[in-house]
Structures are given as structure tokens and as C-alpha cells.
Amino acid sequence: MYEDLRNSLESIFEERLFYKIEDRISYGYDGSFGQHTPDFVVQVKSAEEVQTVVKLANKFNVPITPRGASTSLSGGPLPVEKGILMDFSQWDHYLEIFPDDLLIKASPGVITSDIHKLADQYNLMYPPDPSSSSICTIGGNLAENAGGPRGVKYGVTKDYVLGLEIVTASGEIINTGGNTVKNVTGYDLTKLIIGSEGTLAIITEATLRLIPKPLATKTAMILFDDLYTAGKSISAILTSGVRPSKMEILDNNSLNRVEDYAHLNLPREAAAILLVEVDGHPSILDKELITIKEALTKIGVDKIEIAESAEEEEKLWQVRKLVSPAIVKSGYTKISEDITLPLSKIPDMFEKIDKIKKEYDLNIVVFGHAGDGNLHPTINTNMRDQGEVGRVEDAVEEIFNYAIALGGTLSGEHGIGTMKRAFMTNEMGESGVLFQKAIKQALDPKNLLNPSKIFPIAGEKRLVLRND
Ligand SMILES: Cc1cc2nc3c(=O)[nH]c(=O)nc-3n(C[C@H](O)[C@H](O)[C@H](O)COP(=O)(O)OP(=O)(O)OC[C@H]3O[C@@H](n4cnc5c(N)ncnc54)[C@H](O)[C@@H]3O)c2cc1C
């Protein structure tokens, strides 16, 4: 079977097929910590090629795992069940803007920041802006329903997709949605596929909605003496009458990691900082920042620094961009969580994480998209220290369960993948998981598309730290 499948793939892909171990092994990783090596890697460049591979997978009954740039933090593109890894990173040549219709069409391997750059040339904006946008693909963003700092005002990937071209699990090419802002013809399959983590269909083209680019931005940095007040300030700002375009939080630990890494003269002693951007007509931005200041004064917060130039503004946002590299640089394996909470519960979660950090003696930093209630508690651990790994598993479980108890969710944007599947039933209940499984069963009855993702595996009750 292996030889027959290899020969079939080779006749189509030639040098775009990889089957030697030294080639395949580098496709076994993502931005999380798992490692699973595929049997074959194919670099697809058209919907017809995807279709042919899907038909072969059906014939030989082997799984397919789609892969964009593999920046996933949840194990999404890891080929857990081996089989064929479908690499989209080389399929980046189709990117076309239709400025009068405010839309862009893109092939799945296009890097997200290239979409931003093209829209910008026409004074338009594609708002979804994951912090990884200079390296991740639009296909990966669609499959994860990626968010980003601008989510607080503009929403996430799903809010900017008008239509998709997809290849189904049986190998049909179909279109969902279209080119229009409104479309209620039939079920909303576009939204079903977005965020389905490559488990329901393979995305081969996207039609994305653009909006006018805001005329100007202004950024403030707010410093806090305690984490609880930092949490409370989020609702205070969002109920002040101003809608910030970005609102990011960094706790003291994140701040100090960035300072160690980049030496930017940051306030090391602050319990947390909040970076707040407002956008729109230049004449209103100062007024909006005054409104935010007044709202903060009411809860006793008065340390606010406003960037007075584009360079100062850029420097402040650099702080946020450097959090991930600074954490990676500071050692060992980085486990990035993605809990999301009702805004009023953020202070409770900060208190809980502080307790967990001390109780389990772990190195946890917290940062995230505060305006969306989306926090990224991130743990640095040494996977060879089994005692510490056990404490990490306990800590993660406690964070997840507390998020659910507060009315929150396991994942705001990184997806479930392999890392959070053991906790799905805690959030959705047995019936909720069964309902979701029924969709998977209907659309992919042979379970060929990205198997072992999202849904709980029998007997697995905790964070998955195992590899193949
Ligand atoms: C430093 C850093 C910062 C990050 N910041 C953010 C952030 O701000 N917001 C955010 O949401 N995420 C963030 N992420 C996570 C990650 O970048 C996103 O999940 C991104 O959408 C993944 O894109 P990718 O191209 O790397 O996809 P991959 O990681 O390769 O794949 C992700 C998932 O998409 C599926 N997939 C890929 N292509 C297709 C396709 N064509 N059809 C069907 N399924 C497909 C894969 O099977 C997998 O399940 C960050 C990651 C890093 C490392």
C-alpha cells in the first residue's frame, strides 16, 4: 500500500513530494511542543492537486493533515495519525484586490501581512491581525478563526470572510458564500468551516472583506500597582463611551522578560501595563484619550503615558510584539494558553493565576488581548523535569476549569488541536460534544481530515504532553 501510494503521489508532485525521514521530520512540529512525523509531505499548489490527494487518501484510507506555516500553538497541524501532510506554504502566488468591491481574494498559503500590505496600498484595511501575521498563512488563520489585538473593535477572522473555495473530504470542490457582504442563501457553511481546524474541509481560496483604513491612531500606556485593578480597568475603559482599537495587557513578569530581552527602559516595578490604541479622525483621538483618563481616575488609576509621536507609538507596540520572543529566549518549552472570559471576570482570573503560580511553583507570565477578555497565561517549563511537568499539567487543568466556572472558554483564538481536546467535555458537556461530532461524521465519515484533533480521546483526561 505504502509503495503504491508513494508512486501515485510521486507521479503528480515529483520534487514536491517528500518521503525520506530527513525531509519529513521537520514537518512534525508546530508552535506548541508536540512532535509527530508524517509518512508523506506534499506541497500543493492548486485546488485540483488538493482534490487528487484527497481522492488518493480515500482510496488508500490514509489521513490528511493540512499545514500552513505551522505557527499553531495548539498542535493543529501536527500529523498525529501520520499519513499525508499537505503543505500550503508554497501556494502563495494568488493575491488579488478588487478595491471598488472592498474585497481581496487569496490562495491559502498567502502570508497574512501581505494581505495587510496590499489593502494598505488602496487606503483599505484587512483588520484581523494575529501577532504572528508576518509568518502565518491566511489558510491557517481561517482554519483557526484567528484573532489579534484589533479584535476589541473590529472582531476576528470570521467577520471578514465573504466566501471560501473548499475541497470536501470526498474530494469535491465547492464554493461557500460569495462576493457579497450579505448572503443568506442556505446554511452558513463559510462560518462552519472557519475555525474547524482543518477537520471538516480543506480551504483552497478565500474571499476577504476590507474596510476603509482609519485616518490616524494614538496610543497610551497605563501603569498599574496591582493586577486586580488592572483587570477592573478593562471594563471601566470599555464602558466609558470610547471603543479602543487595541487593548493589550502585560503582567509584571511579561514586562520584565521584554525588558531583559530588549532593554527598552520599561517600568519594571509596575504590576501590569495596559496598551490602549484609539483610531479614527485625528480631531477626536485626544478627546477619546481624555474620556479614558477620566474613567480610570474614577477607579483610582492615574499613571498614564501618551505616545506623542509615531515613533513613540511604534516603540510601545514593540513591547507587545516582543513578549513571545522574550519568553522563548528565556528558556525551555513554552506552553501558551488561550482562555477567554467575560470581561468582568478578568480580575478574578488574575488573582487565581497568581495563586496557582505560587502553589505549583511555576514560571507563569500573563499577557493578552485584554479588550476581548482573552488572556494568554504562558508557562515556561523543562519537559525533562517530570516533577515539574506534572505540576504544569495540574496548573493548566486548574486554569481551564476556573475559566469555565467563570463562564469563559478554553480557547479564544488558538483552537483546541491536541492540547485542549481532553477538556472539551468540561466546557460543552457530553451532548454538546456529540452534537459537534455529528457534524464531523456527516462531512468526513471516514475521519480522514486532521484526525485526533478537537474531540476528546478515550481515557485522556489531561493536557497532552506525549509524542510519537
Ligand atoms: C508568536 C506567535 C504569536 C501568535 N499570535 C496570535 C494571535 O495574536 N492571534 C491568533 O489567533 N493566533 C496567534 N498565534 C497562533 C497562530 O499563529 C495562528 O493560529 C495562525 O492562524 C496559524 O496559522 P498557520 O499558517 O501557521 O497555520 P498552521 O499552524 O500551519 O495550521 C493551523 C491549523 O489550520 C489548519 N490549516 C492550515 N491550512 C489549512 C487549509 N488551507 N485548509 C484547512 N485547514 C488548514 C491546520 O491543519 C491546523 O489545524 C500566534 C503564534 C505565534 C507563534
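## Close-up views of a predicted model

**View 1. The annotated domain span.** Welcome to the first stop: an unreviewed UniProt entry places the feature "domain: FAD-binding PCMH-type" at residues 33-213. What you see here is a predicted model. The C-alpha atoms at the two ends of residues 33-213 lie 37 Å apart. Helix makes up 22% of the span and strand 25%.

**View 2. A salt bridge between Lys213 and Asp120.** Let us zoom in on one charged pair. The side chains of Lys213 and Asp120 form a salt bridge, with N to O at 2.9 Å. This pair links distant parts of the chain, its members being 93 residues apart. Lys213 sits in the loop between strand 11 (211-212) and strand 12 (216-224), while Asp120 belongs to helix 4 (residues 112-121). Are these two side chains buried or exposed? Lys213 is partly exposed, at 33% relative accessible area, and Asp120 is partly exposed too, at 38%. In total, the structure holds 17 salt bridges.

**View 3. A salt bridge between Lys191 and Asp188.** Here the side chains of Lys191 and Asp188 meet, with a distance of 3.9 Å from N to O. The pair counts as a salt bridge because the cut-off is within 4 Å. Lys191 has a relative accessible area of 41% and is partly exposed. Asp188 also counts as partly exposed, with 46% relative accessibility.

**View 4. Asp260 with Arg268, and a network elsewhere.** Asp260 and Arg268 are joined by a salt bridge whose closest N and O atoms are 2.8 Å apart. Asp260 is partly exposed, its relative accessible area being 46%. For Arg268 the relative accessibility is 35%, so this residue counts as partly exposed. Another group worth a look is Asp354, Lys357 and Lys358, which are joined into one network by salt bridges that share partners.

**View 5. Helix 8 packed against helix 13.** Our last stop is a pair of helices. Helix 8 (residues 227-238) packs with helix 13 (residues 346-359) at an angle of about 155°, and their axes are 7 Å apart. Helix 8 is therefore roughly antiparallel to helix 13, because angles over 145 degrees fall in that class. The crossing of helix 8 past helix 13 is right-handed. Which residues make the contact? Helix 8 contributes Leu227, Tyr228, Gly231, Lys232 and Ile234. From helix 13 come Ile346, Pro347, Phe350 and Glu351.

Note on methods: Residues are numbered from 1 along each chain as its sequence is written. This is a predicted model: local features need pLDDT of at least 70, side-chain atom pairs count only at pLDDT 80 or more; totals for chains, interfaces and linings use all residues. Side-chain values use heavy atoms; hydrogens and water are left out. UniProt positions are given in the numbering used here, feature names are shortened, and annotations may be inferred rather than shown by experiment. Helices (H or I, at least four residues) and strands (E, at least two) are DSSP runs, numbered from the N terminus. Buried means under 20% relative accessible area, exposed over 50%, partly exposed in between (1.4 Å probe, protein chains only). Axes are lines fitted to C-alpha atoms, for helices over the stretch in contact, and angles run from 0 to 180 degrees between N-to-C directions. Angles under 35 degrees count as roughly parallel, over 145 as roughly antiparallel, 65 to 115 as roughly perpendicular and the rest as oblique. A crossing is left-handed if the near helix is turned anticlockwise from the far one by less than a right angle, and right-handed if clockwise. Contact means heavy atoms within 4.5 Å.
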